[in-house]
Structures are given as structure tokens and as C-alpha cells.
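I am opening a notebook page for this chain and will write down what I look up, step by step. I begin with the whole and then turn to single residues.

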Amino acid sequence: MESGTKADSSSGAMGAVFVFGRLIGFFALVGTVTAVLVGVILLPELSRLAQTTYELDVDRAKTADLQGQVDANRRFLEALEEGCPVLYKRLAIHQAAQTPSNENAFGPPVHTSLPPGIIQTPRTPRPDPPDGWVLRTARKLENPSTRRGLLLLAAGVMLAAMFLFAPSSRDGADSPQR
């Protein structure tokens, strides 16, 4: 038998278990580093996307409200009687806060009700602001010092994984020749 080699068959099985354990440890560290990098890079963008989508939905609801008001005003104008001086005076008082010079107005202008048959559309419901643990985490990651710290931590763990789980140079081919 040569020196430095083992003759029993259990050394091959133990070597395979050792290599498998090293692979599991390496992939556990690298997977954690990858998850941190993905979180640092993608979560702030996800937060911005959710905020933009929320603002767009709110703008759509406001636009629907304004379109409903335009339709109600159009129906109101179609239902207006031609030359109704009382209605014109009430509209001037209500809309522009103007009163005739020969009359005294006491208190705020009285709101007029819509003519019969005119239905004003109800207000469009507003969406809820985005929330959830992913978006709360993303807001925390928007701080540059937090991002920098996590990136440095991920780089350190990646280097540790590369050095801790590097293949052993037990072979004679890797060692320098004398």
C-alpha cells in the first residue's frame, strides 16, 4: 500500500458525503446572498411601481368623477328653460358669488337643487393605498445607507462562501512541483 491512501471502501462514501455537504453549505450562502441582492435591487423599484399604479388609479377615479360632472352639467344645461332670470341669478350667486347691485345678500349663497329628472353621478370610489410587508421592506431599502450596507454584507458573505467552500487542493496536480 502507498502512504497517504486508505484501503477501506468507506472513505469513498465519506468523501461523497463531505462534498455534498460542502455543496449544500455553498448554495445556502450563495442563495442567501442572491436573495439579498435581488431584494436590494428590485424591491425599491417594486415600491415605486406600486406607488405609480396607485397614483394612476386615483387619477382615473378623479377623471371619472370629472366626466360624471361634465355629463351632469350637460344634462342640466339641456334641461334649462330658455330665459329663466331667477335660475340665471341663482347660478350667478352660487357659481361666481355675484349678487345684483340693487339687492343685499345675507349669508352664504343658498345651494339650489337640481331640476327634476337630473341625476348627478355618485363619486367614484378611490383605491386603497398600496401596503404589505414587501412594500414596507422596499420603503426601508430606499435609504441609500441601508442599501450600501446590505450590498457590502452580501459581498462579504459571497467572498466567505468562495473561500470557505473552495475545492481542496489535495491533488498533486494543484500543488506546485518541487
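**Entry 1: a partly exposed arginine.** I note at the outset that this is a predicted model. I started with Arg126, which counts as partly exposed because its relative accessibility is 28%, a value that falls between the 20% limit for buried and the 50% limit for exposed. I then looked for its partner and found that Arg126 forms a salt bridge with Asp65, in which the closest N and O atoms are 2.7 Å apart. This pair links distant parts of the chain, since Arg126 sits in the loop between H2 and H3 while Asp65 belongs to helix H1, 61 residues away.

**Entry 2: the other arginine at Asp65.** I asked myself which other residue forms a salt bridge with Asp65. I found Arg123, with 3.9 Å between the closest N and O atoms. Arg123 lies in the loop between helix H2 (85-96) and helix H3 (133-141), and Asp65 lies in helix H1, so this pair ties together parts of the chain that are 58 residues apart in sequence. Arg123 is exposed because its relative accessible area is 62%, whereas Asp65, at 17%, is buried. I wrote down that Asp65, Arg123 and Arg126 are linked in a network of salt bridges.

**Entry 3: the surroundings of Asp65.** I wanted to know what Asp65 touches when its neighbours within four places in sequence are left aside. The contacts I listed are Pro122, Arg123, Thr124 and Arg126, so two of the names are the arginines that I had already met as salt-bridge partners of Asp65.

**Entry 4: a salt bridge inside one helix.** I counted the salt bridges and got 5 in the structure. One of them joins the side chains of Glu45 and Arg48, with 2.4 Å from N to O. Both residues lie in helix H1, 3 residues apart, which is about one turn of the helix. I reminded myself that an α-helix has 3.6 residues a turn, so residues three or four places apart point the same way. Is each of these two residues buried, partly exposed or exposed? Glu45 counts as partly exposed because its relative accessibility is 44%, and Arg48 counts as partly exposed at 41%.

**Entry 5: Ser47.** Ser47 is also found in helix H1, which spans residues 10-79, but Ser47 counts as buried because its relative accessibility is 7%, and the limit for buried is under 20%. I looked for what lies against Ser47, leaving aside its neighbours within four places in sequence, and found contacts with Leu135, Ala138, Arg139 and Glu142. With Glu142 there is also a polar contact of 3.3 Å between the side chains.

**Entry 6: the two sides of H3.** Where do the buried residues of H3 fall when I look down the axis of the helix? The residues concerned are Leu135, Ala138 and Leu141. They fall within an arc of 115°, so they line one face of the helix. The face turned away from this buried side carries the exposed residues Trp133 and Lys140. Going back to Entry 5, I saw that Leu135 and Ala138 are among the residues in contact with Ser47.

**Entry 7: aromatic rings.** I searched the whole structure for aromatic pairs and found 1. The pair is Phe26 with Phe27, arranged edge-to-face, with 5.6 Å from centre to centre and 65° between the planes. Phe26 is partly exposed because its relative accessible area is 24%, while Phe27, at 52%, is exposed.

**Entry 8: the chain as a whole.** I finished by stepping back to the overall layout. The chain has 4 helices and 0 strands, and from the N terminus on its elements run α-α-α-α. Of the 178 residues in the chain, 13% are buried. When I took the contacts between residues at least 6 apart in sequence, 77% of them turned out to join residues at least 24 apart. The accessible surface of the chain comes to about 14,000 Å², and 62% of that surface belongs to carbon and sulfur atoms.

Notes. Residues are numbered from 1 along each chain as its sequence is written. This is a predicted model: local features need pLDDT of at least 70, side-chain atom pairs count only at pLDDT 80 or more; totals for chains, interfaces and linings use all residues. Side-chain values use heavy atoms; hydrogens and water are left out. Helices (H or I, at least four residues) and strands (E, at least two) are DSSP runs, numbered from the N terminus. Buried means under 20% relative accessible area, exposed over 50%, partly exposed in between (1.4 Å probe, protein chains only). A polar contact is a pair of N or O atoms within 3.5 Å; within protein, one must be able to donate a hydrogen and the other to accept it, and residues adjacent in sequence count only if both atoms are side-chain atoms. Contact means heavy atoms within 4.5 Å. A salt bridge is a side-chain nitrogen of Lys or Arg within 4 Å of a carboxyl oxygen of Asp or Glu. The arc is that of the directions from the helix axis to the C-beta atoms. Accessible areas come from the Shrake-Rupley method with a 1.4 Å probe; for residues, only the protein chains shown count as cover. Rings of Phe, Tyr and Trp (its six-membered ring) pair if their centres lie within 6.5 Å; planes under 30 degrees apart count as stacked, over 60 as edge-to-face and the rest as tilted.
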